[in-house]
Every structure is written in structure tokens, then in C-alpha cells.
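Where does a protein leave empty space, and what surrounds it? Let us take a walk through the hollows of this one.

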Amino acid sequence: MWSFLPGVRPRHASAKAPTRGLMNLSFGQGGKRWLCWGALAALMGVATLSRAAGFPATAELAHEGFRVSAEARLLDSGETLGSLTPTNQLTPASVSKLYIAAAALDRWGPQKRFTTRLVTNGTVSGHTLQGDLILEGAGDPGLTSEDYWSLVQQLRQRDIERISGRVLVSQWRFGPVDCITTDRCRARERSRHAYDARLTSAAVDFATWCVRVMPGSRPGAEARVSGCFSAAPLPRVANHVKTVSSGKTGISAERVTADNGEDTLVLSGQIDSDTWPRTIYRSGSHPASQSAATFQQRLQEAGIALDGPVAVTNTPPADDARPLATVDGKPLQELLLRMLNYSNNFMADTLALDLADQQPAGLNDASAALEQFVARKVPDHGPVSLASGSGLTPQSSTSAHGLVALLTSMYRQPALFPVFVAGMQVPDNGPMHFIRRGSDLFQSHVMIKTGTLNEPVPVRAIAGYFRTESGRWGAFAVMFNGRAATPYLNWRKTLTAVSEDLTPMIENH
């Protein structure tokens, strides 16, 4: 197998005939030609970049200075169809969500549900709960305002109309979890996104505020703003959106947090008078407090009076606390479908924290649980470092060979594989339009998870399964990492290269 130096492209080299360019390289004095790649690598202190049949287009991006790891394998025979520095340790970005999906299925199975409880240390006298009402966060990554409504209705079914004590939201299992990435650390003060939501076991609505912006009564009027789950928006809103006639709708939204911890959604821009409502999601600064405010709103809407304060606690309910209401979350198989399809960071990291043996759990505990799963359950994986389940952590690392080993392991588990693969996207009909690149055969014959980071270096990663023309299953992984902040690598270029390499594998097997 021929080798060449990363980032150095031999003169006249081509994907099909690399030796032509290799023999044109000159070393030594007096024009003497010699070729000793092992000695050259030792002298220059760099590793060689191995090439194997199957990934010529991907190798072109390696020539442009990107670090690459790629491998493709047939799963029935174990035959390797292509590899390119397959054991390189690179940042996987959101492809790491495949690890948390596999680990969660291995631990709990597809029908696992997280149960959120309302408990009390008091008693019910007449229509009054004498004592505290405690909402115990269960680490349900899919808990919604609708679930809180169900809990409150169960209180009404007990004829409870007043709570004399406090209403407490307990995040004793984990939270607030310390931020270790730039995105989440910045989100403590302000955010223009939903993906950087902070973590707690007592979150609701994916730890995001949600509002709807609608046209005002006439052009020139201020737009109307409501909550997504109630008439009144929960966060404070600074509304600077104007209604326009026959104009393009454009709304900017930023959540900012005051020194006293109060969140404000700052809205600006314009909305056409004849257009539909726009839904805005932004991460909150303190998800347990957001949960408390949401639960309080549900109580008040149901006509349950509160005599005491609403607060967040890190203390677990007493062992003898009496349950008043419960709600079971969606089955794990449904949670994974949403987490993988929409690459939901909050859901992935919450599930990883749920896996941790220690409580209260931190991201280090979640990382240990994921890495232990790989060590115990994924044969022939090799080194892995998973600082988070979401992939927001650039210090995470794995290899294409390791990812293919994970995919192979899940393929060989008939009770889990259908759920695992269901969360991946087929490009020509998946919810993410940016992946609709490459040949028609590629777009209809692969099931993939992608990963993207732009800081501190560009990361584009893709892994999943493919079906050949004869119906055989294969697994593949391709990761690109930049060596610096530039050059930028876009998905059009990445997916085109991966498609060019995978299409012949699909056609010829």
C-alpha cells in the first residue's frame, strides 16, 4: 500500500495512480533520487496518510489540509470496502449521539419511560394541601408543558384547590450542570439559539422558552406575542417587532439575562400583516427556574391557589414523601427518534447524565458511563473519549474504525437494531434538507447521522448504514477535522465527496 505525507500532494498524482507522482519526488544531493518513506516520516516527525481503495474523493480533502478518518465495511462478510487512516482520533461532533443512543438502548431497552412525580410531605385537608408540593425531576429529556398539565389535572381530580406550603422543583439528580463548552457558558448570560440549552434533571420543553409572534391589527402596529402553550408568554418580552404591509418577514430574537437572573426575550424586526405566526425558541439561562415558572402557570390556569413561594431545590424528597400525581414520559424509542433526527443536544446530554451511576451527576460522570459502555459492549472499537453525549465538546474524539465497530455491534442485536437505525435520516426524505446532496443512489440507500462544529476548527462528520443494490448491509464513517479555524469546509463539498466514494460501493455489491 502506498503512503504519502498529509497535506503534501505528489506532482501529477491521481486517485487511480498515486505512484506516478511519488516517483517524481527527489531527495539527496546531486539530483540523486531515492524513496524511503519510513525514514522520511521519522526525519520529519509526521505520520503518513494511508490510502486504500474506496475513498479517493475523500482523500482529495485530505490533500487540502483536513485531517481525515474513513472506513466502510460490509456487515455480512466483514469485508472492508475502503479505508483512509481509519484509526485517526478525530472530533465526531454530533455523530457522538450514536453512542448515547446505543448506550441507552443497551441499559434500558426501547420501552423505558422516565416517570416524573408530584409528592408531598403534608396532608390533604378538605380542598387544601397542608404542606409542600414537590415536583421531582426524573431526568426525562422529552418532558413538555403538556405533561405538567396532566400532573395538575391529577391534583384537581383529588379536589385540591389550594396549596398552603411551598411549591418546590427538585433537581437533585443533576443540575445545574456546570458548562464545559463555549456555547453553554455564553448561554448563561445571553443566547440567540436553542441548541445551547443548559442541563438539569428538572427541565421542561427541552429547556427552552417558546413564544409565537403574530401580525398586529394593522400595518405600523406592534406585533402580537403569545406563549406557545398559553395565552401569556412566560418570559418577559421586549417586543420591537413591527407589522408591515406586503413586506418581507424577518424577526431577530435574543434571550438576555439580567443580574437578578430574570430572562428577557428581546424581539426585533418586522412581520407581514398577511403572514402566519412565527414560533421562536431560545434557551433559558436557568432551566429548573424555567420549569418552576411553567409549572406555576399550569397551577394558576387550573385555578389552584398558592399561599407559599415557588422555588428550586437540590434536595431530594424525603423517603416517606407521599405521591400525589405521576406522568410517564414517552418511550425511549420515541425519544431517540427525535434526538437523532433533529440532533437535539439537550436530549443527548440529559440521557448521558441519566446513565451516570453517581447522583448528583456531572458531565464527567456521564462521560465515564459512555466510555465504559464502549469498553464493555463494542468489540474492536479502540480508543474513545466522549466528553458529552451531544458532541458539543470539541475535546471528544473517536475514529472511523471505532464508529464502524459501534454500528456493527448494533446491527448484530436484532432486538435493538430497528430502533437504533430508525433514528437516522435517509437523505432524500429526512427532515434536514442540507443532507440532500450527492447521487440519487446515495441519497436513497444510506441512513446517516451527521455532526457539525465550527469552533475551534471546522468539523464535518457522517456515519451510518448503507444498503447495496443487491440488498446487503454495510456500515461506514467519515470524519473531517480542520487543522485551524480556516479553511472553512461546507457540507456541499463534504457530502459530494462521501457520495462519490460510497456510490460505487452501493452499486458494485
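To sort the residues by class, Ala, Val, Leu, Ile, Met, Phe, Trp, Tyr, Cys and Pro count as nonpolar, Asp, Glu, Lys and Arg as charged, and the others, Gly among them, as polar. This is a predicted model, in which local features need pLDDT of at least 70, side-chain atom pairs count only at pLDDT 80 or more, and totals for chains, interfaces and linings use all residues. Residues are numbered from 1 along each chain as its sequence is written, and side-chain values use heavy atoms, with hydrogens and water left out.

Let us begin with the largest pocket (an open set of points on a 1 Å grid over the protein atoms alone, with protein on both sides within 12 Å along at least five of seven lines; lining residues have an atom within 4 Å of a point). Its volume, the space filled by probe spheres set on grid points joined across faces, edges and corners, is about 710 Å³. Its lining has 13 nonpolar, 16 polar and 6 charged residues. Tyr195 and Asn345 are among those nearest its centre. Of the strands (DSSP runs of E, at least two residues, numbered from the N terminus), β21 gives the most to this lining, with 6 residues.

The second largest pocket has about 430 Å³, and Phe206 and Arg338 are among the lining residues nearest its centre. Here β12 supplies the largest share, 3 residues.

Finally, there are 3 cavities of 30 Å³ or more, a cavity being a set of points where a 1.4 Å probe fits but cannot get out. The largest holds about 110 Å³. The helix α7 (helices are H or I runs of at least four residues) gives the most to its lining, with 4 residues.
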